[in-house]
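Let's take a walk through this structure together, one region at a time. Keep the viewer open and follow along as we go.

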Amino acid sequence: MNVTAKTYQKGEIPGVIAINATVCKGCDACKRHCPTGAITGMFGTTHRIDVDLCLSCGQCLINCPFGAPYETSDTVDEVIAKLKDRNNTVVGIIAPAVRVAIGEDFGLPAGSLVTGKLYGSMKKAGFEILDNNFTADLTIMEEGTEFITRARHALFGEKSEHGGEIGPLPQFTSCCPAWVRFVETRYPTLIPHLSSAKSPQQMAGTVAKTYGTNVWKKSPESIYTVGIMPCTAKKLEASRPEFNAAYKYNKKNGRGLTNKPYPDVDTVLTTRDLSRLFKKLKIDLAQEEEVAGGSLLADYTGAGTIFGNTGGVMEAALRTAYAVLTGSELKPLEFKPVRGLQGMKSASVTLKDAKYNKEVTVKVAVVHNMAENIQPVVNEVLAGRSPYHFIEVMNCPGGCINGGGQPVCSSGSSWISAIRPWFAWK
Amino acid sequence: MEKQSYQYIENPLQVTRREFITIGGIVVAFLAIPTVWITLVTSSSSRYLQARTKGLYQDDTKAAVRVSHGNKSVARYYKEFGGTPLGQISEELLHTKYINRTKVLS
Ligand code: SF4
Ligand code: SF4
Ligand code: SF4
């Protein structure tokens with residue numbers, strides 16, 4: 001633990017990623033993947049991470065050819081203990097990008113979509129399932145409605161229904177904790193532009209311990225929520241002290257049994273962590289039966305699942321915003337301009353706002369791979385000349401499917417697997 | 001010609017031992033530049049990216065419902081418990097505030 005860390009609140013994990021000094025070769029490869037220049041050290045010497053600059057995104061970890069960076073928080077054994085204790089209902093919150101990557105750890109081809117087998121393995125291990133895609137749909141309802149409110153306020157001077165303040169345009173997405181921390185540590189003047197909607201993971205934790213108590217017929221205290229994420233930054237996100245909304249709500253409404261605060265999301269496992277958990281419990285995902293999610297909290301739509309791809313949140317939001325504004329569905333539903341791996345994508349949609357009977361052109365932009373692409377977008381918004389109304393930002397290249405918590409060696413998302421044959425002694 | 005084919009050629013490249021070591025060193029140094037490796041293998045890593053991306057788009061294409069406002073279980077959540085998007089319970093449970101962390105940085 002770093003005692004000098006200044007950009008963390010009490011209770012937060014002060015940096016999820018650290019570099020093992022005895023393994024680091026000082027090859028500098030990680031530096032070009034770091035969005036904030038948090039990695040210091042001369043070429044050839046041991047490198048270190050400045051925790052105050054670090055976003056815990058894990059890109060250095062999946063791209064280091066020598067496996068030197070490691071995660072400081074590992075709760076696999078803790079989760080196994082909770083699974084064995086019958087008094088708990090352990091809820092696994094499965095992020096979209098996990099279902100197309102975890103198969104790689106069990107010998108399946110890259111990109112295999114294994115939702116059914118993943119549910120099967122989780123149930124065998126003892127989890128209840130809350131598909132994070134369900135809360136991705138919920139996020140769209142909240143964030144999309146928020147966007148429509150902001151847009152109508154900016155374009156037509158519409159007032160807030162509840163008399164609250166309405167944020168400015170462009171609205172930024174807030175699903176990516178690395179991006180949120182980037183804004184909080186560097187550009188606090190942009191905070192009003194961030195959507196106030198929580199990330200799907202945090203919504204899931206809150207819903208599990210409030211509405212979920214009706215679904216599973218359990219007390220909130222006995223529900224233990226585990227984020228299953230492609231992302232190391234989600235570990236830091238879950239540890240933010242303000243994320244105990246379910247506890248506050250339950251206490252206020254007399255739904256709680258104890259006065260002991262509990263977090264919305266108790267702990268987070270990365271895709272790699274979950275593979276290790278399965279292996280410890282002798283569960284071979286590749287051989288498991290395909291099963292269904294088993295509760296309404298596992299129901300999801302195509303819009304929720306594409307959150308894991310760069311451009312996915314924007315596409316999902318546009319599908320819903322279009323329908324709400326015009327009264328008819330977007331056709332075709334595939335919104336191709338926001339797909340693909342270009343650093344920065346932009347598009348515009350002209351539609352008629354049925355409520356005001358006026359044509360509006362909505363301009364959107366999508367940014368991923370923050371290390372290379374974020375600065376121009378941020379500069380534009382800071383200078384007040386951004387042409388966009390809605391901007392999606394995801395830290396990792398390609399989006400969460402390439403997150404810092406995804407399988408590394410077997411997948412080759414790191415370049416070590418391609419290089420390894422060159423080291424004859426390995 | 002005949003004669004030459006029986007000749008033992010000690011140094012076919014016409015480089016001295018010292019020159020050979022120098023050239024070897026340059027090659028090694030070149031390969032030690034991470035960007036060289038990265039360029040050599042980006043094609044393979046982007047193959048994995050594309051495979052995973054395709055997997056998720058497939059999940060969308062095969063879904064019975066493809067728009068969030070069409071999720072019946074989400075609608076049920078709002079009806080039984082959550083009220084409306086941006087409503088009072090939503091503000092309490094599904095929205096948050098952010099923190100200016102630069103004050104402590106300086
Ligand atoms: S890429 Fe890995 S080995 Fe190279 S400097 Fe970074 S942490 Fe050290
Ligand atoms: S975790 Fe991300 S922000 Fe932190 S040092 Fe690594 S690449 Fe940089
Ligand atoms: S892009 Fe996704 S995986 Fe990467 S830091 Fe953001 S939320 Fe995590």
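Chain B has 6 helices and 0 strands, where helices (H or I, at least four residues) and strands (E, at least two) are DSSP runs, numbered from the N terminus. Its pattern along the sequence reads α-α-α-α-α-α. Of the 106 residues in chain B, 34% are buried; buried means under 20% relative accessible area, exposed over 50%, and partly exposed in between, using a 1.4 Å probe and the protein chains only.

A word on how to read all this: the model is predicted, so local features need pLDDT of at least 70 and side-chain atom pairs count only at pLDDT 80 or more, while totals for chains, interfaces and linings use all residues. Residues are numbered from 1 along each chain as its sequence is written, chains are lettered from A and ligands numbered from 1 in the order in which they are written, and side-chain values use heavy atoms, with hydrogens and water left out.

Now to the ligands. Which residues are closest to ligand 1? Among the 13 residues that surround ligand 1, the closest are Cys24(A), Lys25(A), Cys27(A), Cys30(A) and Cys64(A); a residue counts here if one of its heavy atoms lies within 4 Å of the molecule. By class, this shell holds 9 nonpolar, 2 polar and 2 charged residues. For these classes, Ala, Val, Leu, Ile, Met, Phe, Trp, Tyr, Cys and Pro count as nonpolar, Asp, Glu, Lys and Arg as charged, and the others, Gly among them, as polar.

Around ligand 2 you will find residues including Cys34(A), Cys54(A), Cys57(A) and Cys60(A), along with Ile17(A), Ile39(A) and Ile49(A). The shell of ligand 2 has 9 nonpolar, 3 polar and no charged residues.

Ligand 3 is surrounded by Cys176(A), Pro177(A), Ala178(A), Cys231(A), Met394(A), Asn395(A), Cys396(A), Cys400(A) and Gly403(A). By class these are 7 nonpolar, 2 polar and no charged residues. Two of the names, Pro177(A) and Ala178(A), also appear among the buried residues of α5(A). Helix α5 of chain A spans residues 177-186, and 9 of its 10 residues are buried, so the helix is largely enclosed by the rest of the structure. Its buried residues also include Trp179(A), Arg181(A) and Glu184(A).

Next, turn to Thr267(A), which lies in strand β9 (residues 267-270) of chain A. Is Thr267(A) buried or exposed? It counts as buried because its relative accessibility is 9%. The side chain of Thr267(A) makes a polar contact of 2.8 Å with that of Thr75(A); such a contact is a pair of N or O atoms within 3.5 Å, where within protein one must be able to donate a hydrogen and the other to accept it, and residues adjacent in sequence count only if both atoms are side-chain atoms. Beyond its neighbours within four places in sequence, Thr267(A) is in contact (heavy atoms within 4.5 Å) with residues including Val79(A), Tyr224(A) and Val226(A).

Finally, look at some loops. Ser112(A) sits between β5 and α3 (115-125) of chain A, and its 18% relative accessibility makes it buried. By contrast, Arg86(A), in the loop between α2 (76-84) and β5 (89-94) of chain A, is exposed, with a relative accessible area of 73%. Lys260(A), in the loop between α9 (245-252) and β9 of chain A, counts as exposed at 64% relative accessibility.
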